[in-house]
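Q: I am new to this structure and would like a close look at a single part, the nonpolar core. Please take me through that part and then set it in the context of the whole.

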Amino acid sequence: MLILRQFTIILFFYLLGEGISYLLPFSFPGSLIGMGLLFFALMSKLVKLEDINTVSHFFLKYMALFFIPAGVSVMTSYDLIKAELLPVVLVITLSTIFMLALISKLVDFFVRKVEDV
């Protein structure tokens with residue numbers, strides 16, 4: 001029963017995010033909205049970590065399985081991607097380098113901030 005309750009809490013925030021996304025006048029992923037709402041609920045202690053701990057660890061353990069449909073979709077669209085392969089590879093490479101640099105600067109900033117405290 002514990003797992004069902006934890007799964008229901010996570011599903012509630014997912015569906016709430018999808019509902020908000022549906023009502024927005026622009027396109028935005030409902031799963032991200034739901035994840036943000038769950039984050040704020042955890043930070044404000046409306047939801048305790050123990051309330052979703054077991055199920056969230058299960059999802060994290062098997063996260064790679066959730067990427068299989070996206071990978072299959074990319075492979076079925078290979079003919080479309082092949083026509084624009086160079087720009088796609090260039091954008092992926094540059095955005096990866098940019099994100100690595102940004103994250104390293106943020107980690108450095110927060111480490112120094114923690115050391116000062």
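A: What follows looks at the core and then at the protein around it. The model is a predicted one, and its largest nonpolar core consists of 8 residues, namely Ile 9, Ile 10, Phe 13, Leu 38, Ala 41, Val 47, Ile 52 and Val 55. Two helices, H1 (residues 2-23) and H2 (residues 30-43), each supply at least two residues of this core, and H1 gives the most, with 3 residues. Within this group, Leu 38 is a useful residue to look at, since residues up to four places away in sequence are left out of the count and Leu 38 still touches Phe 13 and Ile 52.

Turning to the protein as a whole, one finds 6 helices and 0 strands, which gives the pattern α-α-α-α-α-α when read along the sequence. The radius of gyration is 19 Å, well over the 13 Å that the globule rule gives for 117 residues, so the protein is more spread out than a compact globule. Along the principal axes, the C-alpha atoms fill a box of roughly 50 × 45 × 35 Å.

Buried residues account for 14% of the 117 residues, while the protein exposes about 9900 Å², of which carbon and sulfur atoms supply 77%. Of the contacts between residues at least 6 apart in sequence, 49% join residues at least 24 apart. As for charge, there are 8 positive and 8 negative side chains, and the centres of these two sets lie 5 Å apart.

Note on methods
Residues numbered from 1 in each chain as written. Predicted model: local features only at pLDDT ≥ 70, side-chain atom pairs only at ≥ 80, totals over all residues. Heavy atoms only, no water. Helix = DSSP H or I, 4+ residues; strand = E, 2+ residues; numbered from the N terminus. Rg over C-alpha atoms; globule rule 2.2 N^0.38 Å. Buried < 20%, exposed > 50% of the residue type's maximum accessible area, 1.4 Å probe, protein only. Contact = heavy atoms within 4.5 Å. Areas by Shrake-Rupley, 256 points an atom, 1.4 Å probe, with all protein chains shown as cover. Lys, Arg positive; Asp, Glu negative; His and termini not counted. Charge placed at Lys NZ, Arg CZ, Asp CG, Glu CD. Core = buried A, V, L, I, M, F, W, Y, C linked by side-chain atoms within 4.5 Å.
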